[in-house]
Amino acid sequence: MKINSKFLFSVSNMVKTFEVLLISILLSRFYYDKNELGQLLQILFIASVIITFLSGIPLSLNFFYGKYNDLKQKQSLFINFSLLLIITSLTFCFFILISKSFISSNFQNDLFLKYIYLIILYCFFRSINTIFPNYHYLKDKLFKYLQLYVFTFVILVACLFYDNTIGVLNAKIILTQLLFIELIRFVFNVLIIRKKELRLNLKDFNNQQMIYILTITVGVVAGAFGLYLDKYLIAILLNPTEFLYYQNGAINLPFVNIITSSLFIALIPTFAELYAKKKNSELVLKVRATIIKCSLLLIPILVYCFFEAIPLIKFLYGDEFEISGEVFKIYVLRYSLSVMAFSVFMGTIGLEKKANLIIFLSALIGLFLNIILIPIYGIRGASMATVIASLSTIVISLYFIKERLAAKIIDYFPIGSYIKIILISFVIYMPFYLVNRHIDKDWVVVLSSLIYYICVISVLNSIFIIFKFRDIVIRK
């Protein structure tokens, strides 16, 4: 028996996403100076923006690995793409270095002046580490990678608890520890790689690869513009403390990365191969099945998070973050159609340029709405603008995919099953709503969420018969 690589890929994404969330939770619990904490989270925000901008390179690695049949071409992909990632990452870090005064002034954040070299080193190593999970997935070495990530994750959490216990929790120490963790990951990731599986041949880096990477990157940049625009405007229009409250409410739900992103990214080689071989009917069925799986696993979480947003946020961050709960209640609606990774899938069927156009249009809508709503409603206005912008262009994506696959929207996007899952999730939630209101304790809401999720997944899977747990974890 061997553990399913797609399952391991999802788990590795889960650990990475939960690490970011847990850092935010622990620092919010431990930090007394909310303004400095807001400044520190702004640094982590900048690092996340860089990683998002660079994510087109690992995605392209997966795509071409699935597209190529020649072993030598596949073996040269990782080194070639890694070099490109390093060069691009250095460029971003240099830009941060020369822009430190501008960033510090606009974000009202003097940490960019005090600890700029720590910041750029952390951003650099964190960004180049993003290529490794894709490589380990393609080479079937994800279990070693996962062990490394969990181990270093535990070290980081232990460091934060130790800092708080002895009373030395400050921005410099935290940045140093974050950099140290990324250095450990880089060294051990390199050691995991079998050198004989790699070959450096820059001649194999062709125009087709560069054009695809640039096209995907344009889409990623446009997507990042829409994804991070609200946080950027909060940072420059308000202050670090308001940024903290918004950041803790505008959570990038870990479950979306765990479920939707992991499933679709893991299937990029499969989607690319089916499309290249013009097996559209098989591709449609594969996408439909993947969306149903994502809906079954994700929609119940969104239903529960929407109705219990404030107690959940207060449980995570503390009672003083109730305003963050109000932001989260609105913000969670943006994920309601995240059961399909639209831009990722469009990129595998030759629609990356149209995907970029749609993402850019959504970003423009977001910019317009944020500028209007933030001065009126503050951080709540930013969450409203983000939700409207995120959902406003989905129909266009569905149309372009329909045209390319020569299929009806309901053939690949199971609208009936999607609505049915929402209704069933809501009905099963109702008794839990009554219990949570009768016993007004935040920990009860969290405990109820686990019981609710088990119940609703069991009911939904008995209806749709999507998977067996053993088949998810074990590869036959």
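Trainee: Before anything else, what counts as a helix here, and how are helices numbered?
Mentor: A helix is a DSSP run of H or I with at least four residues, and numbering goes from the N terminus. Keep in mind that this is a predicted model.

Trainee: Okay. Which residues form the nonpolar patch on the surface?
Mentor: F315, W443, L447, L450 and I451 form that patch. Together they have about 510 Å² of accessible area.

Trainee: Which helix gives the most to the nonpolar patch?
Mentor: Helix α24, residues 442–464, with four residues. I451 lies in this helix.

Trainee: Is I451 buried, partly exposed or exposed?
Mentor: Partly exposed, because its relative accessibility is 42%. Exposed would need over 50%, and buried would need under 20%.

Trainee: And Y452, where does that one lie?
Mentor: Y452 lies in helix α24 as well. Y452 counts as buried because its relative accessible area is 1%.

Trainee: How far apart are Y452 and Y429?
Mentor: In sequence, 23 residues; in space, 6.9 Å from C-alpha to C-alpha.

Trainee: Switching to helix α16. Which of its residues are buried?
Mentor: The helix covers residues 309–317, and its buried residues are A309, P311, L312, I313 and Y317.

Trainee: What comes just after α16?
Mentor: G318, which takes a positive phi of about 115°.

Trainee: Now charges. Where is D230 found, and which side chain of opposite charge is nearest?
Mentor: D230 is found in helix α11, residues 207–237. The nearest side chain of opposite charge is K231, 4.4 Å away.

Trainee: Why does that leave D230 without a salt bridge?
Mentor: A salt bridge needs a side-chain nitrogen of Lys or Arg within 4 Å of a carboxyl oxygen of Asp or Glu, so 4.4 Å does not qualify. D230 is buried all the same.

Trainee: What does the side chain of D230 make a polar contact with?
Mentor: With the side chain of Y246, at 2.5 Å.

Trainee: And E182, is it buried or exposed?
Mentor: Buried, because its relative accessible area is 6%. E182 sits in helix α10, residues 171–192. Its side chain makes a polar contact with the side chain of N129 at 2.9 Å.

Trainee: Last topic, cysteines. How many disulfides does the structure hold?
Mentor: Zero. A disulfide is a covalent bond between the sulfur atoms of two cysteines.

Trainee: Are C294 and C305 buried or exposed?
Mentor: C294 is buried, as its relative accessible area is 0%. C305 also counts as buried, at 8% relative accessibility.

Methods:
Residues are numbered from 1 along each chain as its sequence is written. This is a predicted model: local features need pLDDT of at least 70, side-chain atom pairs count only at pLDDT 80 or more; totals for chains, interfaces and linings use all residues. Side-chain values use heavy atoms; hydrogens and water are left out. Patches are made of residues with over 30% relative accessible area and no salt bridge: like charges are joined within 9 Å, nonpolar side chains (Val, Leu, Ile, Met, Phe, Trp, Tyr) within 5 Å. Accessible areas come from the Shrake-Rupley method with a 1.4 Å probe; for residues, only the protein chains shown count as cover. Helices (H or I, at least four residues) and strands (E, at least two) are DSSP runs, numbered from the N terminus. Buried means under 20% relative accessible area, exposed over 50%, partly exposed in between (1.4 Å probe, protein chains only). A disulfide is a pair of cysteine sulfur atoms within 2.5 Å. Lys and Arg count as positive and Asp and Glu as negative; His and the chain ends are not counted. A polar contact is a pair of N or O atoms within 3.5 Å; within protein, one must be able to donate a hydrogen and the other to accept it, and residues adjacent in sequence count only if both atoms are side-chain atoms.
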